[in-house]
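Please take me through this structure in the viewer, one selection at a time. Where should I click, and what will I find there?

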Amino acid sequence: MLGAAGIAAVVVNASHSYRPEVGVVGIVAVVLLALAVAAGFPSLIPWPLVLLAGAYVWKIGGGAVDQWAPVYAGALLGVAELAYWSLELRGRAQELERLTERRAGLIVALAVGGVAFGGLVFAATALRIGSGISIDLLGAAAAVGALAVLASVARARP
């Protein structure tokens, strides 16, 4: 909850035009996440994150690309992982301390990796590589490859 509240506070603080509206969206997102975790509804967890991401998008509006976007993405990823982890720990005996430390380290590594990957994508968009049909075809092939990777990851494991 604190991570989501921190993201909401930063977004509201950086928002200039629609601060009250973005603040309401942030508060609703934090309350919804608290409800999802307290009541044990895993299907409700993505919606507060969508609201926080929507508040962020509302904040940047039609302005320039925000250089802090990978940090927001990593923070949202970390909040999501922590929320799901808190639901996994419910109803079970406490895990060994070593396993808890390992999972916490994995979540931190995942969030930092998300920031690093987002920064890499952000930097790649700044490259000027020209234009033309060959670049368009390369982009389409990369999109198909990305979808293939996502489909293989999402495929049910035996």
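**One helix, two faces**

Start with the helix α2 of this predicted model. Select Val22, Gly23, Gly26, Ala29, Val30, Leu33, Ala36 and Val37: in α2, these residues are buried. Now look down the axis. They sit on the same side of α2, because the arc they cover is only 155 degrees. The spacing has a general basis: an α-helix has 3.6 residues a turn, so residues three or four places apart point the same way.

Next, select Pro20, Val24, Ile27, Val31 and Ala38. These are exposed, on the face of α2 turned away from its buried side.

Show all of α2, residues 19-39. Its 21 residues reach 30 Å from first C-alpha to last, close to the 30 Å expected. Then click Gly40, just after α2: its phi is positive, about 80 degrees.

**What α2 packs against**

Which helices do the buried residues of α2 pack against? Select 2-14 for α1, 46-60 for α3 and 69-88 for α4; those are the partners.

**Zoom out**

Show the whole protein as a cartoon. You will see 6 helices and 0 strands. The C-alpha atoms fill a box of roughly 60 × 50 × 25 Å along the principal axes. Of the 158 residues, 22% count as buried.

Switch on contacts. Among those between residues at least 6 apart in sequence, 64% join residues at least 24 apart.

Finish with the surface. About 10,600 Å² is exposed, and carbon and sulfur atoms supply 72% of it. Colour the charges: there are 10 positive and 8 negative side chains, and the centres of the two sets lie 4 Å apart.

Key. Residues numbered from 1 in each chain as written. Predicted model: local features only at pLDDT ≥ 70, side-chain atom pairs only at ≥ 80, totals over all residues. Heavy atoms only, no water. Helix = DSSP H or I, 4+ residues; strand = E, 2+ residues; numbered from the N terminus. Expected span 1.5 Å × (residues − 1). Buried < 20%, exposed > 50% of the residue type's maximum accessible area, 1.4 Å probe, protein only. Arc of directions from axis to C-beta. Contact = heavy atoms within 4.5 Å. Areas by Shrake-Rupley, 256 points an atom, 1.4 Å probe, with all protein chains shown as cover. Lys, Arg positive; Asp, Glu negative; His and termini not counted. Charge placed at Lys NZ, Arg CZ, Asp CG, Glu CD.
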